[in-house]
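The report below describes how selected parts of one chain are arranged, moving from a covalent link to strand pairing, a nonpolar core and a group of rings. It is written to be read beside the sequence and the coordinates.

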Amino acid sequence: QVQLVESGGGLVQAGGSQRLSCAASGRIFSINAMGWYRQSPGKQRDLVAVFTSGDTTNYADSVKGRFTISRDNAKNTVYLQMNSLKPEDTAVYYCNAIGTTNTGMFKVWGQGTQVTVSS
């Protein structure tokens, strides 16, 4: 069974920076996509940044130029460096991974980590 463990998050002032980490564990053969989504109260969960096939990255328009996703394949870990944070970035950030194990495909979510940006 594949699990995701997130770290980082917390309270930061507008204009500040934070870094989120997400590590996948389990009998993982391959990870096809891995990245970050966020959800604010009363809103749907939206993509923030994600690695897809190969080294392709996708970013939400609202974070382009401010957020950077990176990864350590050897550790099955992705990072989200968030700079120039704005109050509207406040949300619960969820890590997501899609891939394969010895028994088949998996799609899992992390438990979520709260990011709060004060004005």
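Cys 95 counts as buried, because its relative accessibility is 0%, and in this predicted model Cys 95 is joined to Cys 22 by a disulfide whose sulfur atoms are 2.0 Å apart. Cys 22 is likewise buried, with a relative accessible area of 0%. The structure holds 1 disulfide, and the torsion of -85 degrees about the S-S bond makes the link of Cys 22 and Cys 95 left-handed. Cys 22 lies in strand β3 (residues 18–25) and Cys 95 in strand β9 (residues 91–101), so the pair ties together parts that are 73 residues apart in sequence.

**Surroundings of the disulfide**

Both cysteines are among the contacts of Leu 4, a list which, leaving aside neighbours within four places in sequence, also includes Ala 23, Met 34, Val 108 and Trp 109. Leu 4 is found in strand β1 (residues 3–7) and is buried, with a relative accessible area of 7%. The C-alpha atoms of Leu 4 and Thr 77 are separated by 9.1 Å, although their positions lie 73 residues apart along the chain when counted as a sequence separation.

Ser 21, in strand β3, counts as buried at 17% relative accessibility. Not counting residues up to four places away in sequence, Ser 21 touches Val 5, Glu 6, Ser 7, Trp 36, Val 78 and Tyr 79.

**Strand pairing**

The pairings of β4 and of β8 can be set side by side.

| Strand pair | Sense | Bridges | Example of opposed residues |
|---|---|---|---|
| β4 (residues 28–39) and β9 | antiparallel | 10 bridges | Arg 38 and Tyr 93 |
| β4 and β5 (residues 46–51) | antiparallel | 5 bridges | Trp 36 and Ala 49 |
| β3 and β8 | antiparallel | 6 bridges | Ala 23 and Thr 77 |
| β7 and β8 | antiparallel | 6 bridges | Asp 72 and Thr 77 |

Two of these pairs are hairpins. β4 and β5 have 6 residues between them, and Gly 42 in that turn has a positive phi of about 80 degrees. In the hairpin of β7 and β8, 4 residues lie between the strands, and the turn residue Asn 76 has a positive phi of about 50 degrees. Thr 77 stands opposite Ala 23 of the β3 pairing and is also the bridge partner of Asp 72.

**The nonpolar core**

Which residues touch the most other members of the largest nonpolar core? They are Trp 36, Leu 80 and Tyr 93, in a core of 28 residues. The elements that give two or more residues to this core are β3, β4, β5, β7 (67–72), β8 (77–82), β9, β10 (104–109) and β11 (113–118), and β9 gives the most, with 4 residues. As for β8, 5 of its 6 residues are buried, so this strand is largely enclosed by the rest of the structure.

**Aromatic pairs and a charge over the rings**

The count of aromatic pairs comes to 2. The rings of Tyr 37 and Trp 109 have centres 5.1 Å apart and planes at 70 degrees, and the pair is edge-to-face because an angle over 60 degrees falls in that class. This pair links distant parts of the chain, with Tyr 37 in strand β4 and Trp 109 in strand β10, 72 residues apart. Tyr 37 is buried, with a relative accessible area of 19%, whereas Trp 109 is partly exposed, with a relative accessible area of 35%.

Tyr 94 and Trp 109 form an aromatic pair that is also edge-to-face, at 6.5 Å centre to centre and with 90 degrees between the planes. Since Tyr 94 lies in strand β9 and Trp 109 in strand β10, the pair ties together parts that are 15 residues apart in sequence. Tyr 94 counts as buried at 15% relative accessibility. Ring pairs thus link Tyr 37, Tyr 94 and Trp 109 into a cluster.

Arg 45 is placed over two rings of this cluster: Arg 45 lies over the face of Tyr 94, at 3.6 Å from the ring centre, and the charged end of Arg 45 sits over the ring of Trp 109, 4.6 Å from its centre.

Conventions. Residues are numbered from 1 along each chain as its sequence is written. This is a predicted model: local features need pLDDT of at least 70, side-chain atom pairs count only at pLDDT 80 or more; totals for chains, interfaces and linings use all residues. Side-chain values use heavy atoms; hydrogens and water are left out. A disulfide is a pair of cysteine sulfur atoms within 2.5 Å. Buried means under 20% relative accessible area, exposed over 50%, partly exposed in between (1.4 Å probe, protein chains only). Contact means heavy atoms within 4.5 Å. Two strands pair if DSSP finds at least two bridges between them. A nonpolar core is a set of buried Ala, Val, Leu, Ile, Met, Phe, Trp, Tyr and Cys residues joined through side-chain atoms within 4.5 Å. Rings of Phe, Tyr and Trp (its six-membered ring) pair if their centres lie within 6.5 Å; planes under 30 degrees apart count as stacked, over 60 as edge-to-face and the rest as tilted. A charge sits over a ring if NZ of Lys or CZ of Arg is within 6 Å of the ring centre and within 35 degrees of the ring normal.
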